[in-house]
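Let's take a friendly walk through this model, starting from its interior and working outwards. Have the sequence and the coordinates open as you read.

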Amino acid sequence: MITLLLVIYTLIAGWLSYYLLTHQSRPFLFFDPNKAPTIKHVARYGGGLMLLVTIACLVTIFVQATMLIAIVLASGSLIMMAIALILVSFMQIS
């Protein structure tokens, strides 16, 4: 069961990584990286970090070490929380 959940988490992390890395120079959601270059950096580094989490998830699927699974899931959650909190500070709803 944990393997199935890890596969789903890996797919979600991979999709988020792809989305952030491909939207470095074009507007997404409420954010425009062309107006605020910090958003571009957040998308670049956040996408890169989520790509590392995706690769680590792939490794944990095959290794099945409980401590490694916990570390990967916690780090992915913390990274996405940090990205969300940083992006919220740039949110401008008119």
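Which residues of the largest nonpolar core touch the most other members? The model you are looking at is a predicted one, and in it this core has 16 residues, of which Ile39, Met50, Val53, Ile83 and Leu87 touch the most other members. Helices α1, α2 and α3 each supply at least two residues of the core. The largest share, six residues, comes from α2.

Isoleucine 39 is a good place to zoom in. Leaving out residues up to four places away in sequence, isoleucine 39 touches Phe28, Phe31, Asp32, Pro33, Leu87 and Phe90. One of these partners, Leu87, is also among the five core residues that touch the most other members.

Next comes a glycine. Glycine 46 sits in helix α2. Is glycine 46 buried or exposed? Its relative accessibility is 4%, and since buried means under 20%, glycine 46 counts as buried. Apart from neighbours within four places in sequence, glycine 46 is in contact with Leu20, His41 and Ile83. Ile83 appears here again, having already been named among the core residues with the most contacts to other members. For a sense of distance, try picking the C-alpha atoms of glycine 46 and methionine 67: they are separated by 23 Å, with the two residues 21 apart along the chain.

Now for the rings. How many aromatic pairs are there? The count comes to one. The ring centres of tryptophan 15 and tyrosine 19 are 5.4 Å apart and the planes make an angle of 25°, so this pair is stacked. Both residues belong to helix α1, which covers residues 2-22, and they are four residues apart, about one turn of the helix.

Last, a backbone detail. Glutamine 64 has a positive phi of about 60°, although this residue is not a glycine. Where does glutamine 64 lie? It is in the loop between α2 (37-63) and α3 (66-88).

The table sets out the accessibility of the residues visited above.

| Residue | Relative accessibility | Class |
|---|---|---|
| Tryptophan 15 | 52% | exposed |
| Tyrosine 19 | 22% | partly exposed |
| Glycine 46 | 4% | buried |
| Glutamine 64 | 33% | partly exposed |

Coming back to the stacked pair, tryptophan 15 is exposed at 52%, while tyrosine 19 is partly exposed at 22%. Glutamine 64, in its loop between α2 and α3, is partly exposed at 33%.

Definitions and conventions:
Residues numbered from 1 in each chain as written. Predicted model: local features only at pLDDT ≥ 70, side-chain atom pairs only at ≥ 80, totals over all residues. Heavy atoms only, no water. Phe/Tyr/Trp six-rings, centres within 6.5 Å; stacked < 30°, edge-to-face > 60°. Buried < 20%, exposed > 50% of the residue type's maximum accessible area, 1.4 Å probe, protein only. Contact = heavy atoms within 4.5 Å. Core = buried A, V, L, I, M, F, W, Y, C linked by side-chain atoms within 4.5 Å.
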